[in-house]
Amino acid sequence: QVYIKTLVESNTSGHTTVLQFNRIDFRLAWIKKNFPQARLLHLARNPRDQWYSTLAPFKVDIDHDIDFDAYDLATWGRDLYQQFPFLAAPQIRHAYQRFYYLWKLSYLAGQRLSELSINYDEVISEPQNCLNQILDFANLYSDKNLQVCLKLVESKPERAWKKDRKELWFSDLEQECEMVLDALGLNKNFALIPL
């Protein structure tokens, strides 16, 4: 709380303070409680694209390393094991499942607790519409700001994961995860009621 308050108070420019956090989705209820004036914008990305981007810098045999931990996902899974036992190696067949569980829970929290949730694919496919929403949300809309932002949007890259994996590979692993999340009521209730 002190850290965030210090960041906000250090802005003496008079401009809107914008803070970007990764891995804060499980703390959004706390943010809303402790910073009620904060407006939360959630940006989601396709889990397969996001997963593949985490692998790109590393040359590892991901199919044989269930605890692949380039971005501390296995560590995060161990930290959350008491609340979410399905994140541990005995309950998953592949490291992608741990990633998917964390992605999905983060997605649900972001969708449910943010004032605006935007899909990255839509920013790429419909940039003017999404940027209008984001700029309006931030009270920063002007034709000039919109034009500046539109110039920053690059064309949609080809789905790199399709080069290495079949759709069925992902959908099978994701479906196993979805069945667990459904059985535990997390798809229905995560971020809406206390664990």
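A salt bridge is a side-chain nitrogen of Lys or Arg within 4 Å of a carboxyl oxygen of Asp or Glu, and R48 forms such a bridge with E167, their closest N and O atoms lying 2.7 Å apart. This pair links distant parts of the chain, since R48 sits in helix α3, which covers residues 47–55, and E167 belongs to helix α9, residues 167–183, with the two positions 119 residues apart in the numbering. The model in which this pair is found is a predicted one.

To place these helices, it helps to look at the whole chain. The protein chain has ten helices and two strands, and along the sequence they follow the pattern α-α-β-α-α-α-β-α-α-α-α-α. The C-alpha trace spans about 50 × 40 × 30 Å along its principal axes. Of the 195 residues in the protein chain, 35% are buried, while the surface that the chain exposes comes to about 12300 Å², with carbon and sulfur atoms supplying 53% of that area. Among contacts with a separation of 6 or more, 68% are made by residues 24 or more positions apart.

Charged side chains give a way to follow such links in detail. The protein chain carries 23 positive and 25 negative charges, whose mean positions are 3 Å apart, and the structure holds five salt bridges. The bridge described at the start is part of a network of salt bridges in which R48, E167 and E174 are linked. Within that network R48 counts as buried, because its relative accessibility of 8% is under the 20% cut-off, whereas E167, at 44%, counts as partly exposed.

A further salt bridge joins the side chains of R93 and E176, at 2.6 Å from N to O. Here, too, distant parts of the chain are linked, with R93 in the loop between α4 (73–79) and α5 (95–113) and E176 in helix α9, 83 residues apart. R93 counts as exposed because its relative accessibility is 54%, which is over 50%, and E176, at 30%, counts as partly exposed.

Helix α9 also takes part in a salt bridge between the side chains of K104 and E178, with a distance of 2.9 Å from N to O. K104 lies in helix α5 and E178 in helix α9, 74 residues apart, so that this pair likewise links distant parts of the chain. What is the burial state of K104? K104 counts as buried at 12% relative accessibility, and its partner E178 is buried with a relative accessible area of 13%.

Methods:
Residues numbered from 1 in each chain as written. Predicted model: local features only at pLDDT ≥ 70, side-chain atom pairs only at ≥ 80, totals over all residues. Heavy atoms only, no water. Helix = DSSP H or I, 4+ residues; strand = E, 2+ residues; numbered from the N terminus. Buried < 20%, exposed > 50% of the residue type's maximum accessible area, 1.4 Å probe, protein only. Contact = heavy atoms within 4.5 Å. Areas by Shrake-Rupley, 256 points an atom, 1.4 Å probe, with all protein chains shown as cover. Lys, Arg positive; Asp, Glu negative; His and termini not counted. Charge placed at Lys NZ, Arg CZ, Asp CG, Glu CD.
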